[in-house]
Amino acid sequence: MSVQELIVRRGRRSGVTTMVAVHSNALGPAVGGCRFKVYPRLHDAIDDVLRLSAAMTRKCAAAGLDFGGGKSVVALDTVPTVGQRRDILLDHADLIASLDGAYVAGPDVGTGPDDMLVLRERTRHVFCLPEEHGGTGSSSGPTAVGVLAALRAGARAVFGDAEMAGRKVVISGYGSVGAHLAADLSGRGAEVVVSDVDERRLAAARDQGLPLVRPEEVVGVEADVLIPAAVGGVFDKGTEVNAPLVVGPANNQLTDDTVAADLAAKGVLWIPDFVASAGGVVYTLGREAQNLTHEQALDRVEALEETTRRILDAASANGTTPLAEADALAEARLTSGAEPRTPSPREPRTAA
(Lines give C-alpha, C1' and ligand atoms only; values in the text may rest on other atoms or scores of the structure.)
Protein backbone atom coordinates (compact mmCIF):
# COMPACT_ATOMS: atom_id res chain seq x y z
CA MET A 1 0.00 0.00 0.00
CA SER A 2 1.34 3.37 -0.99
CA VAL A 3 1.78 6.01 1.68
CA GLN A 4 2.99 9.56 1.19
CA GLU A 5 4.62 9.88 4.60
CA LEU A 6 4.99 7.75 7.74
CA ILE A 7 6.59 9.15 10.88
CA VAL A 8 7.20 6.97 13.93
CA ARG A 9 8.58 8.62 17.05
CA ARG A 10 9.18 7.76 20.71
CA GLY A 11 7.75 10.47 22.95
CA ARG A 12 10.24 12.49 25.01
CA ARG A 13 7.88 12.71 28.02
CA SER A 14 6.33 9.26 28.02
CA GLY A 15 8.71 7.03 26.07
CA VAL A 16 5.65 5.68 24.23
CA THR A 17 5.80 5.23 20.46
CA THR A 18 3.37 7.34 18.45
CA MET A 19 3.00 7.60 14.68
CA VAL A 20 1.27 9.47 11.88
CA ALA A 21 0.64 8.17 8.36
CA VAL A 22 -0.25 10.69 5.65
CA HIS A 23 -1.62 8.62 2.81
CA SER A 24 -2.64 11.41 0.45
CA ASN A 25 -2.77 15.20 0.25
CA ALA A 26 -4.06 15.18 -3.34
CA LEU A 27 -7.37 16.81 -2.39
CA GLY A 28 -6.22 18.76 0.66
CA PRO A 29 -4.81 18.29 4.15
CA ALA A 30 -4.97 14.70 5.39
CA VAL A 31 -7.58 14.09 8.09
CA GLY A 32 -8.07 11.04 10.27
CA GLY A 33 -8.61 9.89 13.81
CA CYS A 34 -6.08 9.34 16.58
CA ARG A 35 -6.19 5.69 17.71
CA PHE A 36 -5.07 5.02 21.31
CA LYS A 37 -4.64 1.29 21.69
CA VAL A 38 -2.55 -1.55 23.12
CA TYR A 39 -0.82 -3.49 20.33
CA PRO A 40 0.97 -6.85 20.66
CA ARG A 41 3.84 -5.63 18.47
CA LEU A 42 4.98 -2.32 17.02
CA HIS A 43 4.65 -3.85 13.57
CA ASP A 44 0.92 -4.38 14.20
CA ALA A 45 0.49 -0.70 15.02
CA ILE A 46 2.32 0.33 11.84
CA ASP A 47 0.17 -2.00 9.73
CA ASP A 48 -2.92 -0.51 11.37
CA VAL A 49 -2.00 3.13 10.76
CA LEU A 50 -1.16 2.40 7.12
CA ARG A 51 -4.42 0.57 6.44
CA LEU A 52 -6.50 3.17 8.23
CA SER A 53 -4.86 6.11 6.47
CA ALA A 54 -5.54 4.52 3.07
CA ALA A 55 -9.18 4.00 4.05
CA MET A 56 -9.46 7.67 5.01
CA THR A 57 -8.24 8.70 1.55
CA ARG A 58 -11.00 6.63 -0.03
CA LYS A 59 -13.57 7.87 2.49
CA CYS A 60 -12.87 11.56 1.92
CA ALA A 61 -12.64 11.22 -1.86
CA ALA A 62 -15.82 9.16 -2.24
CA ALA A 63 -17.73 11.54 0.04
CA GLY A 64 -16.71 14.53 -2.07
CA LEU A 65 -14.55 16.17 0.60
CA ASP A 66 -11.61 18.41 -0.24
CA PHE A 67 -9.36 16.61 2.22
CA GLY A 68 -6.87 13.77 1.99
CA GLY A 69 -6.45 10.68 4.11
CA GLY A 70 -4.32 10.20 7.17
CA LYS A 71 -4.33 8.46 10.54
CA SER A 72 -2.39 8.49 13.76
CA VAL A 73 -1.76 5.77 16.30
CA VAL A 74 -0.51 5.72 19.86
CA ALA A 75 1.04 2.25 20.19
CA LEU A 76 0.64 1.27 23.85
CA ASP A 77 2.25 -1.65 25.65
CA THR A 78 -0.16 -1.41 28.61
CA VAL A 79 -3.09 0.75 29.64
CA PRO A 80 -1.62 3.98 31.07
CA THR A 81 -2.56 5.88 34.20
CA VAL A 82 -4.33 9.24 33.90
CA GLY A 83 -1.06 11.13 34.32
CA GLN A 84 0.75 8.93 31.83
CA ARG A 85 -2.09 9.37 29.35
CA ARG A 86 -1.70 13.13 29.37
CA ASP A 87 2.06 12.91 28.74
CA ILE A 88 1.47 10.47 25.90
CA LEU A 89 -1.10 12.74 24.28
CA LEU A 90 1.22 15.75 24.56
CA ASP A 91 4.00 13.74 22.91
CA HIS A 92 1.59 12.79 20.14
CA ALA A 93 0.53 16.42 19.76
CA ASP A 94 4.17 17.42 19.24
CA LEU A 95 4.40 14.89 16.41
CA ILE A 96 1.22 16.24 14.79
CA ALA A 97 2.48 19.82 15.17
CA SER A 98 5.72 18.92 13.40
CA LEU A 99 3.74 18.18 10.21
CA ASP A 100 2.57 21.83 10.07
CA GLY A 101 -1.00 21.10 8.97
CA ALA A 102 -0.33 18.25 6.54
CA TYR A 103 -2.32 16.06 8.96
CA VAL A 104 -5.29 17.06 11.13
CA ALA A 105 -6.37 14.73 13.94
CA GLY A 106 -9.76 13.81 15.36
CA PRO A 107 -11.05 11.15 17.79
CA ASP A 108 -10.89 7.45 17.01
CA VAL A 109 -10.84 4.20 18.98
CA GLY A 110 -9.61 5.00 22.48
CA THR A 111 -9.84 8.79 22.18
CA GLY A 112 -12.58 11.40 22.45
CA PRO A 113 -13.19 15.17 22.46
CA ASP A 114 -11.47 15.64 25.84
CA ASP A 115 -8.31 14.06 24.43
CA MET A 116 -8.49 16.41 21.45
CA LEU A 117 -8.46 19.28 23.95
CA VAL A 118 -5.15 17.98 25.31
CA LEU A 119 -3.72 17.73 21.80
CA ARG A 120 -4.85 21.30 21.16
CA GLU A 121 -2.44 22.50 23.85
CA ARG A 122 0.44 21.73 21.49
CA THR A 123 -1.14 21.97 18.01
CA ARG A 124 -4.09 23.72 16.40
CA HIS A 125 -4.46 20.95 13.83
CA VAL A 126 -7.22 19.12 15.70
CA PHE A 127 -10.96 18.60 15.13
CA CYS A 128 -13.82 17.58 17.42
CA LEU A 129 -12.98 19.54 20.55
CA PRO A 130 -15.74 19.52 23.21
CA GLU A 131 -18.65 21.78 22.26
CA GLU A 132 -18.01 24.09 25.22
CA HIS A 133 -14.56 24.73 23.76
CA GLY A 134 -15.82 25.59 20.29
CA GLY A 135 -15.73 22.15 18.64
CA THR A 136 -18.43 19.77 17.49
CA GLY A 137 -17.78 17.20 20.19
CA SER A 138 -18.35 13.51 19.52
CA SER A 139 -19.00 12.55 15.90
CA SER A 140 -20.80 9.32 16.82
CA GLY A 141 -24.25 10.77 16.20
CA PRO A 142 -23.50 12.02 12.66
CA THR A 143 -21.63 8.78 11.93
CA ALA A 144 -24.80 6.85 12.81
CA VAL A 145 -26.87 9.18 10.62
CA GLY A 146 -24.56 8.40 7.72
CA VAL A 147 -24.83 4.64 8.30
CA LEU A 148 -28.62 4.92 8.31
CA ALA A 149 -28.51 6.91 5.07
CA ALA A 150 -26.41 4.18 3.41
CA LEU A 151 -28.69 1.55 4.93
CA ARG A 152 -31.76 3.11 3.29
CA ALA A 153 -30.12 2.90 -0.13
CA GLY A 154 -29.02 -0.68 0.50
CA ALA A 155 -32.45 -1.72 1.78
CA ARG A 156 -34.13 -0.36 -1.33
CA ALA A 157 -31.72 -2.35 -3.49
CA VAL A 158 -32.23 -5.59 -1.54
CA PHE A 159 -35.80 -5.41 -0.23
CA GLY A 160 -37.43 -2.89 -2.58
CA ASP A 161 -38.02 -0.30 0.13
CA ALA A 162 -36.30 1.28 3.11
CA GLU A 163 -38.87 0.16 5.69
CA MET A 164 -37.25 -1.35 8.78
CA ALA A 165 -40.35 -2.35 10.71
CA GLY A 166 -40.37 -6.12 11.20
CA ARG A 167 -36.86 -6.61 9.88
CA LYS A 168 -34.21 -8.31 12.00
CA VAL A 169 -31.02 -6.27 12.40
CA VAL A 170 -27.89 -7.57 14.10
CA ILE A 171 -25.42 -4.95 15.35
CA SER A 172 -21.88 -6.12 16.14
CA GLY A 173 -20.52 -3.54 18.58
CA TYR A 174 -22.61 -1.58 21.06
CA GLY A 175 -20.35 1.43 21.41
CA SER A 176 -21.46 5.01 20.89
CA VAL A 177 -22.32 4.56 17.19
CA GLY A 178 -23.85 1.11 17.70
CA ALA A 179 -26.05 2.42 20.51
CA HIS A 180 -27.29 5.27 18.28
CA LEU A 181 -28.12 2.79 15.53
CA ALA A 182 -29.88 0.39 17.89
CA ALA A 183 -32.06 3.16 19.33
CA ASP A 184 -33.03 4.51 15.91
CA LEU A 185 -33.78 1.14 14.34
CA SER A 186 -35.70 -0.11 17.37
CA GLY A 187 -37.75 3.06 17.22
CA ARG A 188 -38.58 2.25 13.60
CA GLY A 189 -39.91 -1.16 14.55
CA ALA A 190 -36.90 -3.32 13.70
CA GLU A 191 -36.01 -6.37 15.78
CA VAL A 192 -32.53 -5.37 16.95
CA VAL A 193 -30.00 -7.89 18.33
CA VAL A 194 -26.61 -6.68 19.57
CA SER A 195 -23.21 -8.08 20.46
CA ASP A 196 -20.11 -6.71 22.16
CA VAL A 197 -17.01 -7.95 23.97
CA ASP A 198 -17.33 -5.31 26.70
CA GLU A 199 -19.48 -6.36 29.66
CA ARG A 200 -20.34 -2.75 30.49
CA ARG A 201 -21.75 -2.22 27.02
CA LEU A 202 -23.66 -5.48 27.21
CA ALA A 203 -25.17 -4.33 30.50
CA ALA A 204 -26.24 -1.09 28.81
CA ALA A 205 -27.85 -3.09 26.00
CA ARG A 206 -29.72 -5.25 28.52
CA ASP A 207 -30.98 -2.10 30.21
CA GLN A 208 -32.49 -1.12 26.85
CA GLY A 209 -34.18 -4.50 26.60
CA LEU A 210 -32.13 -5.60 23.60
CA PRO A 211 -31.48 -9.30 22.98
CA LEU A 212 -27.82 -10.32 22.90
CA VAL A 213 -25.73 -12.72 20.86
CA ARG A 214 -22.16 -13.88 21.51
CA PRO A 215 -19.47 -12.08 19.47
CA GLU A 216 -18.20 -15.28 17.88
CA GLU A 217 -21.71 -16.06 16.58
CA VAL A 218 -22.78 -12.63 15.37
CA VAL A 219 -21.80 -12.95 11.70
CA GLY A 220 -23.69 -16.21 11.31
CA VAL A 221 -26.97 -15.07 12.86
CA GLU A 222 -29.85 -15.28 10.38
CA ALA A 223 -31.07 -11.73 9.87
CA ASP A 224 -32.12 -9.16 7.28
CA VAL A 225 -29.31 -6.72 8.00
CA LEU A 226 -25.89 -7.11 9.62
CA ILE A 227 -24.21 -3.95 10.92
CA PRO A 228 -20.48 -4.29 11.75
CA ALA A 229 -19.88 -1.48 14.26
CA ALA A 230 -16.84 -2.76 16.16
CA VAL A 231 -13.42 -3.90 14.92
CA GLY A 232 -12.19 -4.45 11.37
CA GLY A 233 -11.19 -7.69 9.66
CA VAL A 234 -14.67 -9.18 10.10
CA PHE A 235 -15.00 -10.86 6.71
CA ASP A 236 -12.59 -13.18 4.92
CA LYS A 237 -13.03 -15.62 2.06
CA GLY A 238 -14.43 -18.31 4.34
CA THR A 239 -16.94 -16.13 6.20
CA GLU A 240 -20.54 -17.28 5.93
CA VAL A 241 -22.94 -14.36 6.33
CA ASN A 242 -26.62 -15.10 6.92
CA ALA A 243 -27.90 -11.61 6.11
CA PRO A 244 -28.49 -10.33 2.56
CA LEU A 245 -27.42 -6.77 3.45
CA VAL A 246 -24.28 -5.72 5.31
CA VAL A 247 -23.69 -2.05 6.10
CA GLY A 248 -21.85 -0.57 9.05
CA PRO A 249 -19.31 1.94 10.38
CA ALA A 250 -16.44 -0.39 11.34
CA ASN A 251 -13.28 0.44 9.36
CA ASN A 252 -11.51 -2.10 7.12
CA GLN A 253 -14.17 -4.78 7.47
CA LEU A 254 -12.65 -7.01 4.77
CA THR A 255 -9.39 -8.85 5.32
CA ASP A 256 -8.77 -8.36 1.59
CA ASP A 257 -10.60 -6.38 -1.10
CA THR A 258 -11.22 -9.59 -3.08
CA VAL A 259 -13.63 -10.66 -0.33
CA ALA A 260 -16.14 -8.13 -1.73
CA ALA A 261 -16.59 -10.30 -4.82
CA ASP A 262 -16.91 -13.43 -2.67
CA LEU A 263 -19.71 -11.84 -0.63
CA ALA A 264 -21.48 -10.73 -3.81
CA ALA A 265 -21.23 -14.26 -5.22
CA LYS A 266 -22.94 -15.52 -2.06
CA GLY A 267 -25.82 -13.09 -2.54
CA VAL A 268 -24.69 -10.61 0.11
CA LEU A 269 -24.83 -6.90 -0.68
CA TRP A 270 -21.91 -5.31 1.19
CA ILE A 271 -21.87 -1.52 1.31
CA PRO A 272 -18.21 -0.37 1.36
CA ASP A 273 -17.28 0.64 4.90
CA PHE A 274 -15.57 3.84 3.83
CA VAL A 275 -18.87 4.98 2.28
CA ALA A 276 -21.14 3.94 5.15
CA SER A 277 -18.87 5.38 7.85
CA ALA A 278 -18.31 8.81 6.31
CA GLY A 279 -21.03 10.68 8.22
CA GLY A 280 -18.83 11.72 11.10
CA VAL A 281 -16.08 13.27 9.00
CA VAL A 282 -18.58 14.86 6.60
CA TYR A 283 -20.39 16.53 9.48
CA THR A 284 -17.30 17.57 11.43
CA LEU A 285 -15.49 19.10 8.46
CA GLY A 286 -18.68 20.79 7.32
CA ARG A 287 -19.08 22.47 10.69
CA GLU A 288 -15.48 23.16 11.65
CA ALA A 289 -13.76 23.71 8.29
CA GLN A 290 -16.61 25.17 6.22
CA ASN A 291 -18.65 26.91 8.93
CA LEU A 292 -21.90 25.18 8.00
CA THR A 293 -24.83 25.22 10.37
CA HIS A 294 -25.84 22.01 12.15
CA GLU A 295 -28.74 21.56 9.71
CA GLN A 296 -26.58 22.17 6.63
CA ALA A 297 -23.93 19.72 7.81
CA LEU A 298 -26.52 17.05 8.58
CA ASP A 299 -28.02 17.56 5.12
CA ARG A 300 -24.64 16.67 3.64
CA VAL A 301 -24.51 13.55 5.81
CA GLU A 302 -27.98 12.55 4.61
CA ALA A 303 -26.70 12.95 1.03
CA LEU A 304 -24.65 9.77 1.62
CA GLU A 305 -27.87 7.93 0.77
CA GLU A 306 -27.68 9.34 -2.76
CA THR A 307 -23.96 8.59 -3.00
CA THR A 308 -24.65 4.99 -1.98
CA ARG A 309 -27.53 4.69 -4.45
CA ARG A 310 -25.30 5.87 -7.28
CA ILE A 311 -22.65 3.33 -6.32
CA LEU A 312 -25.18 0.50 -6.18
CA ASP A 313 -26.78 1.51 -9.48
CA ALA A 314 -23.36 1.60 -11.11
CA ALA A 315 -22.45 -1.84 -9.76
CA SER A 316 -25.71 -3.26 -11.07
CA ALA A 317 -25.37 -1.61 -14.50
CA ASN A 318 -21.70 -2.49 -14.94
CA GLY A 319 -21.74 -6.01 -13.47
CA THR A 320 -19.23 -5.09 -10.79
CA THR A 321 -19.28 -4.83 -7.00
CA PRO A 322 -20.17 -1.78 -4.90
CA LEU A 323 -16.53 -1.73 -3.75
CA ALA A 324 -15.28 -1.49 -7.33
CA GLU A 325 -17.63 1.40 -8.06
CA ALA A 326 -16.88 3.19 -4.79
CA ASP A 327 -13.17 2.90 -5.60
CA ALA A 328 -13.86 4.27 -9.09
CA LEU A 329 -15.67 7.23 -7.56
CA ALA A 330 -12.78 7.92 -5.18
CA GLU A 331 -10.11 7.44 -7.83
CA ALA A 332 -11.86 9.78 -10.26
CA ARG A 333 -11.75 12.58 -7.71
CA LEU A 334 -8.16 11.83 -6.74
CA THR A 335 -6.82 11.83 -10.29
CA SER A 336 -8.91 14.26 -12.30
CA GLY A 337 -12.02 15.28 -10.44
CA ALA A 338 -14.06 13.60 -13.19
CA GLU A 339 -17.31 11.83 -12.49
CA PRO A 340 -17.10 8.01 -12.43
CA ARG A 341 -19.14 5.87 -14.78
CA THR A 342 -22.69 5.67 -13.42
CA PRO A 343 -26.06 5.07 -15.08
CA SER A 344 -27.74 8.49 -15.39
CA PRO A 345 -26.93 9.63 -11.85
CA ARG A 346 -28.97 12.24 -10.04
CA GLU A 347 -27.00 15.01 -8.36
CA PRO A 348 -26.56 14.48 -4.62
CA ARG A 349 -28.06 17.08 -2.30
CA THR A 350 -25.59 19.55 -0.86
CA ALA A 351 -26.05 22.52 1.40
CA ALA A 352 -25.72 25.97 -0.10
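This passage describes a parallel sheet and a nonpolar surface patch in a predicted model.

The sheet is open and comprises 5 strands, arranged in the order β7-β6-β8-β9-β10 with parallel pairing. Its edges are formed by β7 (191-195) and β10 (269-270), each of which pairs on one side only. In general, the strands of a sheet pair through backbone hydrogen bonds, in either a parallel or an antiparallel sense.

Within this order, strand β8 (residues 225-228) lies between β6 and β9. Strand β6 (residues 168-172) runs parallel to β8 and is joined to it by 4 bridges, with valine 169 standing opposite valine 225 of β8. Toward strand β9 (residues 245-246), β8 again pairs in the parallel sense, here over 2 bridges, and the bridge partner of valine 225 in β9 is leucine 245. Valine 225 is thus placed opposite valine 169 in one pairing and is partnered with leucine 245 in the other. The two faces of β8 are both covered, since Val225 and Ile227 on one side, as well as Leu226 and Pro228 on the other, are all buried.

A contrasting setting is provided by strand β1 (residues 5-10), in which valine 8 is found. Together with Leu6 and Leu42, Val8 forms a nonpolar patch on the surface, and these residues jointly contribute about 220 Å² of accessible area. Valine 8 counts as partly exposed because its relative accessibility is 40%, a value that falls between the limits of under 20% for buried residues and over 50% for exposed ones.

Key:
Residues numbered from 1 in each chain as written. Predicted model: local features only at pLDDT ≥ 70, side-chain atom pairs only at ≥ 80, totals over all residues. Heavy atoms only, no water. Buried < 20%, exposed > 50% of the residue type's maximum accessible area, 1.4 Å probe, protein only. Pairing = 2+ DSSP bridges. Patch = residues over 30% accessible without salt bridge, like charges linked within 9 Å, V, L, I, M, F, W, Y side chains within 5 Å. Areas by Shrake-Rupley, 256 points an atom, 1.4 Å probe, with all protein chains shown as cover. Salt bridge = Lys/Arg side-chain N within 4 Å of Asp/Glu carboxyl O.
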